[in-house]
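Here are my notes on the model, set out as numbered points for you to read beside the coordinates. Please take them in order, since each builds on the one before.

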Amino acid sequence: AFDLRNRSFIKELDFTPGELGHLVELAAELKAERRAGTERPRLTGRAVALVFGKTSTRTRCAFEVAAYEQGAHTTYLGPGDSQLGHKESVADTARVLGRMYDGIEYRGGDHADVEELAALAGVPVWNGLSDSWHPTQTLADVLTMKEHAGRPLREVSFAYLGDGRNNMGHSLLVTGAMFGMDVRVVAPKALWPDAGLAVGPAEELAAATGARITVTDDVIEGVKGVDFLYTDVWVSLGEPAEVWDERIKLLLPYQVNDAVVRATGNPSVRFMHCLPAFHDRRTRIGREIFDRTGLDALEVTGAVFDSPRSIVFDQAENRLHAVKAVMVATLGSR
Ligand code: CP
Ligand code: NVA
């Protein structure tokens, strides 16, 4: 049995593969319970703070609904809603919130901020995305891959195409390594995952779990035979708009489109994306970029995004179950 009570959930590497596997299993159990209409609240009387220094749809809503369904109260502090950042430090905020709340979700930029919050709050802190890691996303993604593959994760392969240096590149690489998967990061060399932060640890883990780790700039080689193609936005939250043109130049060859789907050689390959995605004109930023560049899609084409092989909304739903598992496991029962 795994006892994760009073632990923070800051990055995957803080956990053993067994502990992370336990969280995925708990998420699946909670999902089944919810579907059966037999969900039992385990967080009654608890209060959690949801602190967002950046905007969010999925992460915020997953925490709010998960807390509600488990009986906990939430306080949402959005970007600019509290003193944090402009007139109060992360350190002081941590010590204040820790006196009032049983757990704190935090979405910030610099990964050191969420680490500091966790070190000083005295209650579990859950990382709702930092510049380096997005662990509640990968937990949901692993659950989604397990559901769709229908076989053990150590027999499953995926290729992540695009910005290998962002939070998703790092988190997917390390998580795949922990679950013994065949993990490929397919990106131009300039955007390969950080060696010290993620590639080194992933290779070390692979030696123990049997994972196969590939980091390559060769799309054809990288996607060959994979079960899942995964991509993410080319410019992340907090990065300046000026980097778009450079990223588009670097990453257009890594767009997930029909040619890449064919290159997998796997007729039932599935498409994944943590969302939000730039695949059509229905966003302001997307329209501006498409008008300026003459492109009509960025990291993924509309044809792939809207195809039956796309499981992006299953991933989004699983954010709820994954986040619920994290809160239930770390806050436990009184
Ligand atoms: N995938 C994800 O974290 O989405 P949000 O930014 O909407 O929370
Ligand atoms: N890399 C993206 C992930 C969004 C869920 C970002 O940080 O904006």
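1. Ligand 2 is surrounded by Leu129, His134, Asn166, Asn167, Asp232, Val233, Ser236, Leu237 and Leu275, where a residue counts as near a molecule if one of its heavy atoms lies within 4 Å of it. This is a predicted model, in which local features need pLDDT of at least 70 and side-chain atom pairs count only at pLDDT 80 or more, while totals for chains, interfaces and linings use all residues. Residues are numbered from 1 along each chain as its sequence is written, chains are lettered from A and ligands numbered from 1 in the order in which they are written, and side-chain values use heavy atoms, with hydrogens and water left out.

2. The polar contacts of ligand 2 (pairs of N or O atoms within 3.5 Å) involve its nitrogen atoms: one is 2.7 Å from a polar side-chain atom of aspartate 232, one is 2.7 Å from an N or O atom in the side chain of serine 236, and one is 3.4 Å from an N or O atom in the side chain of asparagine 166. On its own ligand 2 has 270 Å² of accessible area, of which the protein covers 93%; such areas come from the Shrake-Rupley method with a 1.4 Å probe.

3. The shell around ligand 2 divides into four nonpolar residues, four polar and one charged. In this scheme Ala, Val, Leu, Ile, Met, Phe, Trp, Tyr, Cys and Pro count as nonpolar, Asp, Glu, Lys and Arg as charged, and the others, Gly among them, as polar.

4. Turning to ligand 1, the residues around it are Ser56, Thr57, Arg58, Thr59, Arg107, His134, Gln137, Cys274, Leu275 and Arg319, and by class they comprise two nonpolar, five polar and three charged residues. An oxygen atom of ligand 1 is 2.7 Å from an N or O atom in the side chain of threonine 59, and a nitrogen atom of ligand 1 is 3.0 Å from an N or O atom in the side chain of glutamine 137. With leucine 275 the partner is a backbone N or O atom, which lies 3.0 Å from a nitrogen atom of ligand 1. Taken alone, ligand 1 exposes 260 Å², and the protein buries 94% of that.

5. Which pocket holds ligand 1? Ligand 1 sits in the largest pocket, and ligand 2 sits in the largest pocket as well, a molecule being placed there if more than half of its atoms lie within 2 Å of the grid points. A pocket is found on a 1 Å grid over the protein atoms alone, as an open set of points where a 1.4 Å probe fits, with protein on both sides within 12 Å along at least five of seven lines, and its lining residues have an atom within 4 Å of a point.

6. The largest pocket has a volume of about 640 Å³ and is lined by 28 residues, of which Val233, Val235, Ser236, Leu237 and Pro276 lie nearest its centre. Helix 2 (58–69), helix 6 (167–178) and helix 11 (284–293) are the elements that give two or more residues to this lining, and helix 11 supplies the largest share, four residues. The lining divides into 13 nonpolar, eight polar and seven charged residues.

7. Please also check the backbone at proline 276, since the peptide bond from leucine 275 to proline 276 is cis, with omega near 0 degrees. Proline 276 lies in the loop between strand 9 (270–273) and helix 11; helices (H or I, at least four residues) and strands (E, at least two) are DSSP runs, numbered from the N terminus.

8. The second largest pocket has a volume of about 190 Å³, and helix 1 (residues 17–36) gives the largest share of its lining, four residues.

How values were computed: Polar contact = N/O pair within 3.5 Å; in protein donor to acceptor, adjacent residues only side chain to side chain. Points joined across faces, edges and corners; volume = space filled by probe spheres on them.
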